[in-house]
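Trainee: Got a minute to go through this one with me? I'd like to take it piece by piece.

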Amino acid sequence: MILLELFKRSNVAHGLTMNKGKYNSDDLWNAIDNDSEMDVWIILGCDVDPNVGRGPNTPLHRAVEFGDVGMVWRILVYGGDKDALNSDGRTPLQLAVHLGKDKITHLLDYARTNDVKHATAATWQEHMSYG
């Protein structure tokens with residue numbers, strides 16, 4: 001019940017549009033641009049493709065630019081392509097290194113060889129406290 005209430009508040013707070021009861025990639029991009037990790041989590045949980053690019057980036061690249069470790073984690077868990085290239089030819093990991101985002105670099109490096117979808121809360125805490 002609490003999650004449903006958060007879901008409703010989330011939609012109202014950010015003006016997300018629903019398409020026949022389902023979210024779309026525009027909603028995902030709006031949530032990322034509004035830096036709303038909760039909305040990203042909800043939208044990705046509704047089977048929105050986490051790899052639909054807009055402009056020069058994928059959603060994962062954009063989350064890296066924002067420097068939001070939690071959002072990067074959520075996108076990875078829902079299938080964000082950690083090897084996708086942006087228009088500059090950089091993967092999300094290369095972008096994180098380029099931008100000096102140490103925590104995200106550490107997380108993306110971990111994700112290269114580990115299954116983040118089934119990682120434990122302890123693993124998540126390790127990445128949040130890194131650096």
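Trainee: Is S36 buried or exposed?
Mentor: Keep in mind that this is a predicted model. S36 sits in the loop that links helix 2 and helix 3. Buried means under 20% relative accessible area. The value for S36 is 9%, so this residue counts as buried.

Trainee: What C-alpha separation do S36 and D68 have?
Mentor: Along the chain, these two are 32 residues apart. In space, the C-alpha atoms of S36 and D68 are separated by 9.6 Å.

Trainee: Which residue following helix 2 has a positive phi?
Mentor: Look just past helix 2, which covers residues 25-33. The phi there is near 55°, and the residue is D35.

Trainee: And at the other end, which residue caps the N-terminal end of helix 2?
Mentor: Check the backbone nitrogen of D26: a side-chain oxygen lies 2.9 Å from it. That oxygen belongs to the capping residue, N24.

Trainee: Is helix 2 roughly parallel or antiparallel to helix 3?
Mentor: Helix 3 spans residues 37-44, and its axis comes within 8 Å of the helix 2 axis. The two cross at roughly 160°. Angles over 145 degrees count as roughly antiparallel. That makes the pair roughly antiparallel.

Trainee: How many charged residues does the contact of helix 2 with helix 3 have?
Mentor: From helix 2 come D27, L28, A31 and I32, and they meet D39, V40, I43 and L44 in helix 3. By class, that contact has six nonpolar residues and no polar ones, and the charged count is two.

Trainee: What is the handedness of the crossing where helix 2 passes helix 3?
Mentor: That's a separate matter from the angle. Where helix 2 passes helix 3, the crossing is left-handed.

Trainee: How are helix 2 and helix 4 oriented, roughly parallel or antiparallel?
Mentor: Helix 4 is residues 59-66, and its axis comes within 10 Å of the helix 2 axis. They cross at roughly 10°. Angles under 35 degrees count as roughly parallel. Helix 2 and helix 4 are therefore roughly parallel.

Trainee: Which residues of helix 4 make that contact with helix 2?
Mentor: On the helix 2 side you have L28, W29, I32 and D33. Helix 4 brings P59, R62, A63 and F66.

Trainee: Last one: which helices are included in what covers the buried residues of helix 2?
Mentor: The buried residues of helix 2 are D27, L28, W29, A31 and I32. Their cover includes helix 3, helix 4 and helix 5.

Note on methods: Residues are numbered from 1 along each chain as its sequence is written. This is a predicted model: local features need pLDDT of at least 70, side-chain atom pairs count only at pLDDT 80 or more; totals for chains, interfaces and linings use all residues. Side-chain values use heavy atoms; hydrogens and water are left out. Axes are lines fitted to C-alpha atoms, for helices over the stretch in contact, and angles run from 0 to 180 degrees between N-to-C directions. Helices (H or I, at least four residues) and strands (E, at least two) are DSSP runs, numbered from the N terminus. Angles under 35 degrees count as roughly parallel, over 145 as roughly antiparallel, 65 to 115 as roughly perpendicular and the rest as oblique. A crossing is left-handed if the near helix is turned anticlockwise from the far one by less than a right angle, and right-handed if clockwise. Contact means heavy atoms within 4.5 Å. Ala, Val, Leu, Ile, Met, Phe, Trp, Tyr, Cys and Pro count as nonpolar, Asp, Glu, Lys and Arg as charged, and the others, Gly among them, as polar. Buried means under 20% relative accessible area, exposed over 50%, partly exposed in between (1.4 Å probe, protein chains only). A polar contact is a pair of N or O atoms within 3.5 Å; within protein, one must be able to donate a hydrogen and the other to accept it, and residues adjacent in sequence count only if both atoms are side-chain atoms.
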